[in-house]
Amino acid sequence: MRSILLASALVLASFGTASATVYDIQMGGMCSTGFVGGSGNGRLGNWSRYGDISIDAPVDQNNDMGTATAQFANVLNTYCTGSNYCYIFTFSNGGAVVSRTLSLYATAWNIGYVANSASNEGGSEIGGTGWIGEIFGGCTMAGHIGPSDHRNGWNHYNTGGHVIGQIGGDGWLAPYAQSAVLPGHDDGAVAEHSSGGFISTWSESSLCSSDPKWTNHQVWWSCEYGSNNHYDMKMQAVCDDGGC
């Protein structure tokens with residue numbers, strides 16, 4: 001998958017005056033300011049065999065989606081324009097931020113694809129509850145990440161033509177009781193209707209369900225990581241893509 005897209009990018013860049021620089025951009029989740037550290041103890045992936053440069057996106061997800069979206073757009077403007085080329089890896093609410101950014105900005109960024117781990121693009125039913133603070137640590141944005149907030153907040157069908165790969169888990173996460181609130185299979189923080197990019201809050205038991213998804217949202221690598229909780233999923237897309 002990566003080798004074909006990267007070869008195409010390098011061919012296109014060869015017609016210009018500058019060679020392509022490929023960046024692998026990683027964005028964290030709720031109540032974070034980066035991918036490294038914070039919930040799930042993420043680390044930067046290593047795709048040096050391709051000559052890529054890994055970037056920890058400085059996006060503040062403590063306060064509001066508007067701030068996070070504007071900051072991520074600045075990241076894309078910095079690394080994904082001109083002769084540069086990008087792959088994007090998100091975790092948790094980072095999936096919502098990238099979706100909102102692609103929907104609201106018409107910039108022609110050079111993005112190969114987006115890979116979302118445990119995406120909260122469709123919102124979490126435990127947003128605004130005491131559980132969200134216990135899982136992620138309290139921050140202002142935690143009270144505004146529910147399904148109604150995210151699903152009504154922007155046009156999820158508009159990805160700027162970019163493909164978004166989705167993966168999700170179904171493992172237990174303390175304090176455990178929140179799984180009774182999340183419909184269908186869940187990773188203890190988000191249900192599979194969200195991590196799978198489904199157009200509604202159905203009770204899903206697999207990301208490969210035939211229920212409709214938003215445009216350009218695809219299931220990658222596995223229909224479900226059955227033993228992975230939300231924290232376990234943080235590095236999963238990076239590793240599945242060869243970055244570990």
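# Reading a predicted α/β chain: a short tutorial

Q: Let's begin with the order of elements: how do they run from the N terminus on?
A: From the N terminus on, you read α-β-β-α-β-α-β-α-α-β-α-β-α. That comes to 7 helices and 6 strands in the chain. Bear in mind that this is a predicted model.

Q: How do I read the sheet, and in what order do the strands sit?
A: The general idea first: strands of a sheet pair through backbone hydrogen bonds, either parallel or antiparallel. Here, 6 strands make an open sheet with parallel pairing, in the order 2-1-3-4-5-6. Strand 2 (53-56) and strand 6 (217-219) are the edge strands, each pairing on one side only. From one strand to the next, the twist averages 25°.

Q: Can we zoom in on one pairing? How many bridges join strand 5 to strand 6?
A: There are 3 bridges between strand 5 (residues 164-167) and strand 6, and the two run parallel. One residue to click on is Gln166, whose bridge partner in strand 6 is Val219.

Q: Now the helices. Which strands does helix 2 lie across?
A: Helix 2 (residues 65-79) lies across strand 1 (22-27), strand 2, strand 3 (85-91) and strand 4. Its direction is at about 170° to strand 1. Helix 3 (residues 94-104) lies across strand 1, strand 3, strand 4 and strand 5, and runs at about 135° to strand 3.

Q: What should I look for in the core, and which residues have the most contacts inside the largest one?
A: In soluble globular proteins, nonpolar side chains tend to be buried together. In this chain the largest nonpolar core has 37 residues, and Ile25, Phe72 and Leu76 have the most contacts inside it. Strand 1, helix 2, strand 3, helix 3, strand 4 and helix 4 each supply at least two residues of this core. Helix 2 gives the most, with 6 residues. A second, separate core has 18 residues, including Tyr85, Phe91, Ala115 and Val190.

Q: What does Phe72 touch, beyond residues up to four places away in sequence?
A: Leaving those out, Phe72 touches Ile25, Met27, Ala57, Val59, Ile88, Val97, Val98 and Thr101.

Q: Let's try a loop residue. Is Ser124 buried or exposed?
A: Ser124 lies in the loop between strand 4 (111-117) and helix 4 (130-136). Its relative accessibility is 1%, so Ser124 counts as buried, the cut-off for that being under 20%. The side chain of Ser124 reaches the backbone oxygen of Ala189 at 2.6 Å. Apart from neighbours within four places in sequence, Ser124 is in contact with Ile145, Gly146, Pro147, Leu182, Ala189 and Val190.

Q: And Leu104, how does that one count?
A: Leu104 sits in helix 3. Because its relative accessibility is 47%, Leu104 counts as partly exposed. The C-alpha atoms of Leu104 and His156 are separated by 9.9 Å, with the two residues 52 apart along the chain.

Q: Last one: what do I make of the chain's radius of gyration?
A: Set it against what a compact globule would have: with 244 residues that is near 18 Å, and the chain has 17 Å, so the two agree. The C-alpha trace spans about 55 × 35 × 30 Å along its principal axes. Buried residues make up 53% of the 244 residues. Of the contacts between residues at least 6 apart in sequence, 71% join residues at least 24 apart.

Note on methods:
Residues are numbered from 1 along each chain as its sequence is written. This is a predicted model: local features need pLDDT of at least 70, side-chain atom pairs count only at pLDDT 80 or more; totals for chains, interfaces and linings use all residues. Side-chain values use heavy atoms; hydrogens and water are left out. Helices (H or I, at least four residues) and strands (E, at least two) are DSSP runs, numbered from the N terminus. Buried means under 20% relative accessible area, exposed over 50%, partly exposed in between (1.4 Å probe, protein chains only). A polar contact is a pair of N or O atoms within 3.5 Å; within protein, one must be able to donate a hydrogen and the other to accept it, and residues adjacent in sequence count only if both atoms are side-chain atoms. Contact means heavy atoms within 4.5 Å. Two strands pair if DSSP finds at least two bridges between them. Axes are lines fitted to C-alpha atoms, for helices over the stretch in contact, and angles run from 0 to 180 degrees between N-to-C directions. A nonpolar core is a set of buried Ala, Val, Leu, Ile, Met, Phe, Trp, Tyr and Cys residues joined through side-chain atoms within 4.5 Å. The radius of gyration is taken over C-alpha atoms; the globule rule is 2.2 Å times the number of residues to the power 0.38.
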